[in-house]
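Me: Could you take me through one part of this model slowly, as you would for someone in their first year? I would like to look closely at the salt bridges.

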Amino acid sequence: MGSFGELTVVSVQFIGGLAVVALLGWWLLCRRRGRPSSPTRTASLAFAASLFTLLMVASCVNAYFSYLPKISDVVDVITSSPPPDATVALAASQSRGHPRGELVRLRVPDNGSGFGRSSALVWLPPQYFSSPRAHFSVVYLFHGSPGVDKDWFRGGEAGQIAAELAAQGKPAILVAPRMSRGWLDDSECVDSVKEKVETHLVRDVIPTVDAVLRTVPNRDDRIFGGMSAGGYCALNLGLRHRELVSTVLDLSGFTVPTHAGGLKALFGQAGSRQAQQNSPATYVSSLPAGPSMRIWMDSGTADHEVLNEMRTLAPELRDRGVTVVERTRSGGHTYSVWRPALRDSLGWALSVPPGARSVRVTRGVE
């Protein structure tokens with residue numbers, strides 16, 4: 001039996017329990033109407049009934065998106081307890097085992113991007129501690145919008161999934177960088193008129209990860225992945241930087257920027273050259289020859305707009321010599337799709353031996 005924190009808060013039983021308590025409270029409150037009673041007791045009962053009603057509604061919304069599937073996720077949001085600093089944690093943890101891996105926070109300096117100093121969440125596999133001379137592939141996970149880096153380790157259950165793969169002999173370092181300045185900041189991971197997020201990743205994040213951690217610092221062992229807006233980020237940045245990465249995991253990502261304020265808010269001019277250069281649906285047909293790539297495109301069957309865009313782009317990518325795997329699964333634009341999609345796509349990405357994940361394009365075909 002798992003710990004209390006591992007219990008689910010998105011089940012029918014949990015939501016039903018909240019509904020029963022809320023209904024009981026309202027029923028008792030109705031029975032008191034017209035009867036002499038303590039104002040304090042009546043107010044307390046009304047407050048409790050209202051609270052459990054709100055909790056029930058919030059749980060229904062959470063169950064649909066599956067954003068915080070476990071009690072431990074809810075507690076983590078409330079307490080906002082940060083993971084230990086990577087440098088301190090690594091220095092103090094060499095003498096003990098880490099059977100489920102370790103989540104730490106890595107400080108990221110500004111190496112000239114102008115983004116400012118930031119941090120990234122890093123999950124280290126058990127083998128990082130048990131094999132102190134080993135070096136590992138790195139999976140960069142980009143969050144959606146609205147969203148933050150820790151979403152992948154809450155609703156996405158990235159740590160649990162990576163631990164399962166590590167136990168199967170497929171260990172990798174997971175890195176979830178800050179790709180925006182806040183939960184509501186829809187950066188689209190581009191160099192916009194307001195912030196240079198693409199440059200932040202290339203100049204600040206990746207060099208810092210390779211300098212501080214025991215990585216295999218080449219494109220064959222570097223993977224970009226993301227869901228929703230993060231899926232677009234992984235696809236766009238992966239195609240724009242094939243010298244850095246060979247594998248992309250695009251989970252429900254659009255093939256063009258979808259900033260709420262429109263392209264003008266990002267690039268200053270909707271039809272600008274920079275906007276076109278950040279729209280895979282536009283530039284893939286003229287993608288220059290270069291090192292080949294593998295792309296996993298995954299979407300829920302009810303996510304019709306995303307699914308149509310993926311199905312349109314996939315054959316164009318294949319025409320450019322890219323290996324494309326297309327998958328669909330029941331569901332919409334939620335973590336109920338992205339969790340199993342991450343498990344399947346990451347297992348696929350790490351199934352190829354390190355150093356053999358990419359080959360040069362020959363006659364347009366891998």
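**A close look at the salt bridges**

Reply: Let's start with one residue: arginine 329 is buried, because its relative accessible area is 16% and buried means under 20%. Please keep in mind that this is a predicted model. The partner to look for is aspartate 298, which forms a salt bridge with arginine 329, with 2.7 Å between the closest N and O atoms. This pair links distant parts of the chain, as aspartate 298 sits in strand β7 (residues 294-300) and arginine 329 in strand β8 (residues 323-329), 31 residues apart. Aspartate 298 counts as buried too, at 0% relative accessibility. Asp344 joins in as well: Asp298, Arg329 and Asp344 are linked in a network of salt bridges.

Now widen the view, since the structure holds 10 salt bridges. Another one brings together the side chains of arginine 105 and aspartate 149, at 3.3 Å from N to O. Here arginine 105 belongs to strand β1 (residues 102-108), while aspartate 149 is in the loop between β3 (138-142) and α6 (158-167), 44 residues apart. Aspartate 149 counts as buried, at 9% relative accessibility.

One further pair is arginine 343 and glutamate 164, a salt bridge whose closest N and O atoms are 3.2 Å apart. Arginine 343 is in helix α13 (residues 335-349) and glutamate 164 in helix α6, so this salt bridge ties together parts that are 179 residues apart in sequence. What about their accessibility? Arginine 343 counts as partly exposed, at 32% relative accessibility, and glutamate 164 also counts as partly exposed, at 33%.

Notes: Residues numbered from 1 in each chain as written. Predicted model: local features only at pLDDT ≥ 70, side-chain atom pairs only at ≥ 80, totals over all residues. Heavy atoms only, no water. Salt bridge = Lys/Arg side-chain N within 4 Å of Asp/Glu carboxyl O. Helix = DSSP H or I, 4+ residues; strand = E, 2+ residues; numbered from the N terminus. Buried < 20%, exposed > 50% of the residue type's maximum accessible area, 1.4 Å probe, protein only.
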